[in-house]
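Trainee: Hey, got a minute to walk me through this one? I'd like to go piece by piece.

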Amino acid sequence: MATGSSTVDITALLLRLVLLLATAFLAGTGLLRPLVGELSRKVWITVGALGGLSAVLAVVSALKVDVNVLALVVHVVLALAVPVLLRRPSAGRWASVALIVLVVLETSLGGSGIDFAVDTVYVAGAAIWFGVTLLSGAEWRTTNFRRGPLSLTIGGLLVLAGVVQLGLSGIGFDRRLYETLFGVALIVIIVLPIAVTTLAGFLLRQGESRVYRYGVAGVALGFLAWSALAAVPQPTPLPIPGVPLLAHADGSPLLVSPQRPGRNVVHLPASAGDDVSVGVEGGLIGKAFPRPGAEGIWADVDLPPGRSDLVVRKGGRETTVEVDAGQDAGPVISDADAPECASAAVGGLLANRSDVLKSCPADALSAGDSDALVKLVNFLAGRKPSGITLVEDKSPRGIAAAKVVRDTAAKSGLPVQADAGPNTALLVTAGWADGYVAMTRAAESQRLKPTHQFGLYLAPWLFNGPIVNSVASSSLPLRFDPREQLAVTYAVAVHNAFGGESPTLAGFHNWLGDQNQTVNGEVQMFAAAQVNAMPMYPNEPHAPGMVMNRDYAGQWVPNGTIVPVSNVLR
């Protein structure tokens with residue numbers, strides 16, 4: 001059975017559960033103490049032992065995990081105060097209320113008002129049940145407090161709180177409810193109070209005290225399960241067919257796209273290492289390799305219909321990741337465009353959207369990119385090169401982009417050619433793989449002889465670290481400034497979530513979703529360059545706060561920079 005996490009400290013969890021259970025019994029007894037007369041010696045000893053146990057376990061738990069020192073001191077003082085204040089019931093009641101609040105905070109599953117309210121109902125209800133149980137042998141004073149009907153009320157509240165918690169968990173009634181420790185705990189939280197409430201209904205006529213004595217075991221187990229929820233992380237969401245899957249394997253993020261039957265790409269960051277193999281359990285396991293124009297490592301995997309396990313091997317270690325390809329066929333994705341398509345999927349996943357992948361950026365030329373290319377060609381026409389060396393591909397976007405370039409250049413009398421020349425400008429409208437190859441060849445040509453002296457230019461979708469860093473400097477038309485807040489925020493999100501990778505334009509647009517208009521400004525020419533303005537040795541003294549690591553989160557151009565080099569293009 002999965003726990004939902006590989007990092008649950010069983011010893012610390014057991015210590016925590018015993019501490020909270022002892023504290024709940026103690027607090028419930030102190031809370032109800034004003035309603036009974038003289039206590040038996042057995043009750044005195046039991047309450048004293050519970051107070052000492054709660055205080056000692058609180059101190060021991062502080063040695064196992066980091067806790068707030070002030071909260072620890074308050075807990076110890078209250079735990080020791082409740083037994084002492086049994087002779088002063090009114091004061092003891094308030095100490096018990098404070099102790100119950102501490103238990104609620106200890107078992108709290110989240111920060112919302114609903115979470116806190118549900119925690120309060122479950123903890124307070126269980127504590128009252130425990131208190132009635134311990135005080136069942138005492139003489140109850142004449143009061144409106146009727147223990148029998150109260151058992152039905154408490155049981156019903158516990159069931160209601162459990163059902164609400166099930167709804168808040170997001171698990172619903174899927175298989176995580178019985179395949180994970182978190183789900184089993186939810187079942188215990190709901191089922192045991194139902195059984196206790198049913199039992200209480202049968203026993204009411206046979207003696208009220210028996211209701212609590214027989215039901216306390218079920219309530220205690222339910223309370224332990226409730227307390228464990230805060231320590232056991234929720235299980236990961238189930239894979240959704242057609243929605244690219246972002247998971248983790250042996251500490252590294254992993255992307256499966258498009259998660260449909262047949263050919264899929266599996267992507268891991270470069271930080272995962274170079275000795276990674278991926279495949280379906282029971283099938284071929286293939287090595288993951290870098291791809292031109294893309295960061296990290298990639299593997300092609302054929303997924304069968306329905307659920308299966310993806311095997312990820314790193315060195316001598318092996319991890320499995322559950323996938324669900326469903327039954328329907330996915331979009332047709334060319335091998336060259338698969339990495340860009342996968343990067344677009346990452347943007348949506350980081351925005352917490354579960355969108356089925358139906359198309360890829362290379363499937364069509366957007367109106368915004370078409371307009372940017374028109375303005376780029378007009379910008380080049382103003383510089384009067386001898387011609388434009390165009391690198392295109394056969395994707396729908398590439399075909400449309402090449403037509404826009406040729407039509408716009410023809411209006412300006414600017415030749416478009418396939419061959420390079422000394423006075424030409426290179427313009428690449430192909431996809432990532434062909435774009436990367438074109439730029440590396442241009443860089444090599446420029447080292448050997450004068451080539452493309454009017455510059456190297458990229459279509460907007462080629463704004464990707466490996467491509468722009470394949471040359472010393474390149475330019476491209478953009479509608480947003482990569483140094484502004486939203487762009488940097490996305491760059492940091494990708495860096496943190498996917499092993500230090502840099503962002504892509506496709507992922508950024510998908511991450512923005514409905515906010516795309518906020519960065520859909522006027523077109524400007526930006527230049528990307530590999531720059532290190534202040535080289536320093538690693539151990540050389542530098543100013544306090546000065547960032548010396550060039551590979552920090554938030555960069556769109558790894559180890560480089562990008563700046564505007566023109567006014568708005570009209």
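Trainee: How much of the protein chain counts as buried?
Mentor: Of its 570 residues, 50% count as buried. Buried means under 20% relative accessible area, exposed means over 50%, and partly exposed is in between, using a 1.4 Å probe and protein chains only. Keep in mind that this is a predicted model, where local features need pLDDT of at least 70, side-chain atom pairs count only at pLDDT 80 or more, and totals for chains, interfaces and linings use all residues. Residues are numbered from 1 along each chain as its sequence is written, and side-chain values use heavy atoms, with hydrogens and water left out.

Trainee: And how many helices and strands are there?
Mentor: The protein chain has 16 helices and 15 strands. Both are DSSP runs numbered from the N terminus: helices are H or I with at least four residues, strands are E with at least two.

Trainee: Is the chain spread out or compact?
Mentor: Spread out: its radius of gyration is 33 Å, well over the 25 Å that the globule rule gives for 570 residues, so the chain is more spread out than a compact globule. That radius is taken over C-alpha atoms, and the rule is 2.2 Å times the number of residues to the power 0.38. The C-alpha trace spans about 105 × 60 × 45 Å along the principal axes.

Trainee: OK, switching to sheets. Which strands make up the open sheet of four?
Mentor: The order is β1-β2-β3-β6, with antiparallel pairing. β1 (245-249) and β6 are at the edges with a single partner strand each, so one side of each has no neighbour in the sheet. From one strand to the next, the twist averages 30°. Two strands pair here if DSSP finds at least two bridges between them.

Trainee: What holds paired strands together in general?
Mentor: Strands of a sheet pair through backbone hydrogen bonds, in a parallel or antiparallel way.

Trainee: So how many bridges join β1 to β2?
Mentor: Five, and the two strands run antiparallel. One pairing to look for is Leu246, whose bridge partner in β2 is Leu255. The hairpin of β1 and β2 has two residues between the strands, and Asp250 there takes a positive phi near 55°.

Trainee: Where do the side chains of β1 point?
Mentor: They alternate. Leu245, Ala247 and Ala249 point to one face and are buried, while Leu246 and His248 point to the other and are not buried.

Trainee: What about β2 and β3, how many bridges there?
Mentor: Three bridges join β2 (residues 252-257) to β3, again antiparallel. Ser257 has Val265 in β3 as its bridge partner. These strands form a hairpin too, with four residues between them, and Gln259 in the turn has a positive phi of about 60°.

Trainee: And why is β3 largely enclosed?
Mentor: Five of the seven residues of β3 (residues 262-268) are buried, so the rest of the structure largely encloses this strand. On to β6 (residues 297-303): seven bridges join β3 to β6, running antiparallel. There, His267 has Trp298 as its bridge partner, and Arg263 stands opposite Asp302.

Trainee: Which helix lies across these strands?
Mentor: Helix α10 (residues 338-350) lies across β1, β2, β3 and β6, and runs at about 115° to β2. Axes are lines fitted to C-alpha atoms, for helices over the stretch in contact (heavy atoms within 4.5 Å), and angles run from 0 to 180 degrees between N-to-C directions.

Trainee: New topic: how many salt bridges does the structure hold?
Mentor: It holds 21. A salt bridge is a side-chain nitrogen of Lys or Arg within 4 Å of a carboxyl oxygen of Asp or Glu.

Trainee: Which one links distant parts of the chain?
Mentor: Try Asp335 and Arg291, whose side chains meet at 3.1 Å, N to O. Asp335 is in the loop between β8 (317-324) and α10, and Arg291 is in the loop between β5 (285-287) and β6, 44 residues apart. Asp335 is partly exposed at 45% relative accessible area, whereas Arg291 is buried at 17%.

Trainee: Any others I should click on?
Mentor: Arg175 and Glu179 form one at 3.8 Å, N to O. Arg175 counts as buried at 13% relative accessibility, while Glu179 counts as partly exposed at 37%.

Trainee: And which residues are linked in a network of salt bridges?
Mentor: Asp371, Lys375, Arg479, Glu522 and Arg570 are linked that way.
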